[in-house]
Amino acid sequence: MNRRFLLVLLSSVSTAVLFLLLIVLFPGESGSFGLKLMGLRIKQGNNTFSALHRKLLHGTTMKEPNRLPGEKCTKADIVINQGATRPLPTGIPTYTVEIMNICFTGCDISGIHLNCGWFSSARLINPKTFRRLHYNDCLVNDGKPLINGGTVSFQYANTFLYPLSVSRIICS
């Protein structure tokens, strides 16, 4: 019995050492091969959805979007991140969405509307946070200003991830 235990222990330790060696030898663009393997990233248009949504802004340099003279803010100042979270007890997948105002000119942005298709959720979402008005038209933060650097977040449950993108905004 002791030999079997030692064999299993040795196998586990050698697997861990091999994994650490791979991380050291093959760093990815996110800084770690292991993190790149474990992270879920979906690229659609200009939006990147990630399960590592809280670490997206670390270590990246952000460029100010192209602005017309006198333009205070653009749709590019709203960043949408979403990633998979723990499913409901019924097995329905859930997703967390973060909508952030990253305006470089310090502006507050209101009237944020998103392209959202036939968005629906098996989990109740506070309609003051996010709601579908019509097909492909969802309103964020009840139309109220999202302050510079502010974030609105919510969770929804559906069998698939809805692609969300900014359709229009009002610069405050």
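**Exercise 1. The environment of N101**

N101 is found in strand β4. The structure is a predicted model. Determine whether N101 is buried or exposed, and identify the backbone oxygen that its side chain reaches at 2.8 Å.

*Solution.*

Step 1. The relative accessible area of N101 is 1%. Buried means under 20% relative accessible area, so N101 counts as buried.

Step 2. At 2.8 Å, the side chain of N101 reaches the backbone oxygen of L146. A polar atom of the N101 side chain also lies 3.3 Å from the backbone oxygen of I147.

Step 3. The surroundings of N101 may then be listed. Leaving aside residues up to four places away in sequence, N101 touches D77, I78, C107, D108, I109, L146, I147, N148, G149 and G150. L146 and I147 are thus among the residues that N101 touches.

**Exercise 2. The sheet that contains β4**

State the order of the 3 strands in the open sheet and the sense of their pairing. Identify the edge strands.

*Solution.*

Step 1. The open sheet has the strand order β3-β4-β8, and the pairing is antiparallel.

Step 2. Strands β3 (78-85) and β8 each pair on one side only, and they are the edge strands.

Step 3. On average, neighbouring strands of this sheet are turned by 20° against each other, with direction ignored.

Step 4. The pairing of β4 (residues 94-101) with β8 is antiparallel and extends over 7 bridges. One of the residues involved is T94, whose bridge partner in β8 is A157.

Step 5. As a general remark, strands of a sheet pair through backbone hydrogen bonds, either parallel or antiparallel.

**Exercise 3. Classification of two aromatic pairs**

Classify the aromatic pair W118 and Y135 and the aromatic pair F130 and F154 by the angle between the ring planes. State where each partner lies in the chain.

*Solution.*

Step 1. Ring centres must lie within 6.5 Å; planes under 30 degrees apart count as stacked, over 60 as edge-to-face and the rest as tilted. By this rule, the count comes to 10 aromatic pairs.

Step 2. For W118 and Y135, the centre-to-centre distance is 4.8 Å and the planes make an angle of 50°, so the pair is tilted.

Step 3. This pair links distant parts of the chain: W118 is in the loop between β5 (109-115) and β6 (130-134), Y135 is in the loop between β6 and β7 (137-140), and the two are 17 residues apart. W118 counts as exposed, at 57% relative accessibility.

Step 4. For F130 and F154, the centres are 4.4 Å apart and the planes make an angle of 20°, so the pair is stacked.

Step 5. The stacked pair likewise links distant parts of the chain, with F130 in strand β6 and F154 in strand β8 (residues 151-157), 24 residues apart. F130 counts as buried at 2% relative accessibility, and F154 counts as buried at 7%.

Step 6. F130 and F154 also belong to one aromatic cluster, which is formed by Y95, F119, F130, F154, Y156, F160 and Y162.

**Exercise 4. Loop residues**

Which loops hold N136, D142 and L124? Give the accessibility class of each residue.

*Solution.*

Step 1. N136 lies in the loop between β6 and β7. Its relative accessible area is 30%, so N136 is partly exposed. N136 has a positive phi of about 60° although it is not a glycine.

Step 2. D142 is found in the loop between β7 and β8. With a relative accessible area of 27%, D142 is partly exposed. D142 is not a glycine, yet it has a positive phi of about 55°.

Step 3. L124 is found in the loop between β5 and β6, and its relative accessible area of 82% makes it exposed. The C-alpha atoms of L124 and F154 are separated by 9.8 Å, with the two residues 30 residues apart along the chain.

**Exercise 5. The chain as a whole**

How many helices and strands does the protein chain have, and what share of its 172 residues counts as buried?

*Solution.*

Step 1. The secondary structure comes to 2 helices and 9 strands. From the N terminus on, the elements run α-α-β-β-β-β-β-β-β-β-β.

Step 2. Of the 172 residues, 34% count as buried. The chain exposes about 11200 Å², of which carbon and sulfur atoms supply 61%.

Step 3. Among contacts with a separation of 6 or more, residues 24 or more positions apart account for 65%.

Key
Residues are numbered from 1 along each chain as its sequence is written. This is a predicted model: local features need pLDDT of at least 70, side-chain atom pairs count only at pLDDT 80 or more; totals for chains, interfaces and linings use all residues. Side-chain values use heavy atoms; hydrogens and water are left out. Rings of Phe, Tyr and Trp (its six-membered ring) pair if their centres lie within 6.5 Å; planes under 30 degrees apart count as stacked, over 60 as edge-to-face and the rest as tilted. Helices (H or I, at least four residues) and strands (E, at least two) are DSSP runs, numbered from the N terminus. Buried means under 20% relative accessible area, exposed over 50%, partly exposed in between (1.4 Å probe, protein chains only). Two strands pair if DSSP finds at least two bridges between them. Axes are lines fitted to C-alpha atoms, for helices over the stretch in contact, and angles run from 0 to 180 degrees between N-to-C directions. A polar contact is a pair of N or O atoms within 3.5 Å; within protein, one must be able to donate a hydrogen and the other to accept it, and residues adjacent in sequence count only if both atoms are side-chain atoms. Contact means heavy atoms within 4.5 Å. Accessible areas come from the Shrake-Rupley method with a 1.4 Å probe; for residues, only the protein chains shown count as cover.
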